[in-house]
Amino acid sequence: MGKTLTFEEPVIRLREKIKELEEFTETNTVDLSEEIGTLKIRLASLEADIYGNMEPWDRVQVARHPERPTTLDYIGELFEDFMQLHGDRAFGDDAAIVGGIASFETTPITIIGQQRGRDTKENVKRNFGMPHPEGYRKALRLMKQAEKFNRPIICFIDTKGAYPGKAAEERGQAEAIARNLVEMAGLKVPVISIVIGEGGSGGALALGVSNHILMLENSWYSVISPEGAASILWKDASLAKQMAEAMKITAPHLKEMGIIDEIVPEVLGGAHRDPKAQADFIRDAIRESLAKLGPLDGDGLVEERYNKFRHMGVFSS
């Protein structure tokens, strides 16, 4: 059994009780089918109540679940003939960002996404999903290649933020992110970004200047993590739960404010519960976005993207 989050402990205990009774009936002649049926009804009601009324901090915890599907997991489920491309042609290859070309339902596309690890060894290799500047330069190289060959771009966002270390700063971390923002704004091909887990700071935005921004139901997208904001504003990182509510960083809040375009529903309990079913939800969302953006020419895509970001934060009384 994987990691249990605090808010879902009542659900886990009830599931374990049902499993215990089912295993008991397999080795004994006692008929407990009625009791098991009653518990399953109670379980369905409890799941609907807990997972249907998640607080922002609960969603942050689900977004960070160690078993949550990654970019490469979704690439394997959603696309065909994926060919990974490496390097920024300037310094090296950053394993925290993966990218390449593939087919989505016969349509040639370019895929770019942040990639974290499953265990300590892989997390070290991929720098815990926190890209260096060469990762963002690799992403930009693939974006410009996609524009040259008229391929739509699909970005998967899943990072706590860009790596803030000395070496990254020496190699131009801020410049690399800023250049991505500028260049993405003018791309003349459809760009779709999907927040599949964490979307932290400029490290996430460097893949997020897109025509359509989609978010999985239990993901977060913000200028800073709740812990970071609580440390700065309230001098206490332990107040992250309260800060998550105050910052409005979850998909429902961001959709209401017009920051994102669509919320991609998740399977009950989170994407890690059924990655294949979750991939189906994402496939439907990508298909819908491509259909909407397909009729626009290059200039129309740039204008649509410009207007989208230009109107963020503008309110009328």
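Does E26 count as buried or exposed, and at what relative accessibility? E26 counts as exposed, because its relative accessibility is 67%, and this residue opens the series of close-up views below, each of which shows part of a predicted model.

**View 1. A patch of negative charge on the surface brings together E16, E20, E23 and E26.** E26, one of the residues of this patch, has its place in helix α1, which covers residues 9-27. With a relative accessibility of 67%, E26 lies over the 50% that marks an exposed residue, and E26 shares the patch of negative charge with E16, E20 and E23.

**View 2. F7 and Y51 form one of the four aromatic pairs that the structure holds.** The ring centres of F7 and Y51 are 6.2 Å apart and the ring planes stand at 90 degrees, so this pair is edge-to-face. The two residues come from distant parts of the chain, since F7 belongs to the segment before α1 while Y51 belongs to helix α2 (residues 33-51), and 44 residues separate them. Both partners can be followed by their accessibility: F7 is buried, with a relative accessible area of 17%, and Y51 is buried as well, with a relative accessible area of 6%.

**View 3. F79 and F156 make another edge-to-face pair.** Here the ring centres lie 6.3 Å apart and the planes meet at 75 degrees, so the pair is described as edge-to-face. F79 is found in the loop between α4 (71-78) and β1 (80-84), whereas F156 is found in strand β4 (residues 153-159), so that the pair links distant parts of the chain, 77 residues apart. Both F79 and F156 are buried. These two rings also belong to a cluster, in which ring pairs link F79 and F156 with Y74 and F104.

**View 4. I232, L233 and W234 make a nonpolar patch on the surface.** The area of this patch is about 330 Å². W234, one of its members, lies in the loop between α10 (226-233) and α11 (240-247). The relative accessible area of W234 is 38%, and W234 is therefore partly exposed.

**View 5. D93 and K138 are joined in one of the 23 salt bridges of the structure.** The closest N and O atoms of D93 and K138 are 2.8 Å apart. D93 lies in the loop between β1 and β2 (97-104), and K138 lies in helix α6 (residues 133-148), so the salt bridge ties together parts that are 45 residues apart in sequence. What are the relative accessible areas of the two partners, D93 and K138? D93 is partly exposed, with a relative accessible area of 40%, whereas K138 is buried, with a relative accessible area of 1%.

**View 6. A salt bridge joins the side chains of E175 and R137.** The distance in this salt bridge, taken from N to O, is 3.2 Å. Because E175 lies in helix α8 (residues 173-185) and R137 in helix α6, the pair ties together parts that are 38 residues apart in sequence. E175 counts as partly exposed at 36% relative accessibility, and R137 is also partly exposed, with a relative accessible area of 26%.

**View 7. K188 and D299 form a salt bridge between distant parts of the chain.** The closest N and O atoms of K188 and D299 are 3.2 Å apart. K188 is placed in the loop between α8 and β5 (191-200), while D299 is placed in helix α14 (residues 298-310), and the two are 111 residues apart. K188 is partly exposed, with a relative accessible area of 44%.

**View 8. R64, E198 and E227 are linked in a network of salt bridges.** This view shows the residues of the network, in which salt bridges link R64 with E198 and E227.

**View 9. L296 and V189 have C-alpha atoms separated by 9.0 Å.** Along the chain, L296 and V189 are 107 residues apart. L296 lies in the loop between α13 (275-293) and α14, and L296 is partly exposed, with a relative accessible area of 34%.

**View 10. T6 and V302 have C-alpha atoms separated by 44 Å.** T6 has its place in the segment before α1, and at 65% relative accessibility T6 counts as exposed. Along the chain, T6 and V302 are 296 residues apart.

Methods. Residues are numbered from 1 along each chain as its sequence is written. This is a predicted model: local features need pLDDT of at least 70, side-chain atom pairs count only at pLDDT 80 or more; totals for chains, interfaces and linings use all residues. Side-chain values use heavy atoms; hydrogens and water are left out. Patches are made of residues with over 30% relative accessible area and no salt bridge: like charges are joined within 9 Å, nonpolar side chains (Val, Leu, Ile, Met, Phe, Trp, Tyr) within 5 Å. Accessible areas come from the Shrake-Rupley method with a 1.4 Å probe; for residues, only the protein chains shown count as cover. A salt bridge is a side-chain nitrogen of Lys or Arg within 4 Å of a carboxyl oxygen of Asp or Glu. Lys and Arg count as positive and Asp and Glu as negative; His and the chain ends are not counted. The place of a charge is taken as NZ of Lys, CZ of Arg, CG of Asp or CD of Glu. Helices (H or I, at least four residues) and strands (E, at least two) are DSSP runs, numbered from the N terminus. Buried means under 20% relative accessible area, exposed over 50%, partly exposed in between (1.4 Å probe, protein chains only). Rings of Phe, Tyr and Trp (its six-membered ring) pair if their centres lie within 6.5 Å; planes under 30 degrees apart count as stacked, over 60 as edge-to-face and the rest as tilted.
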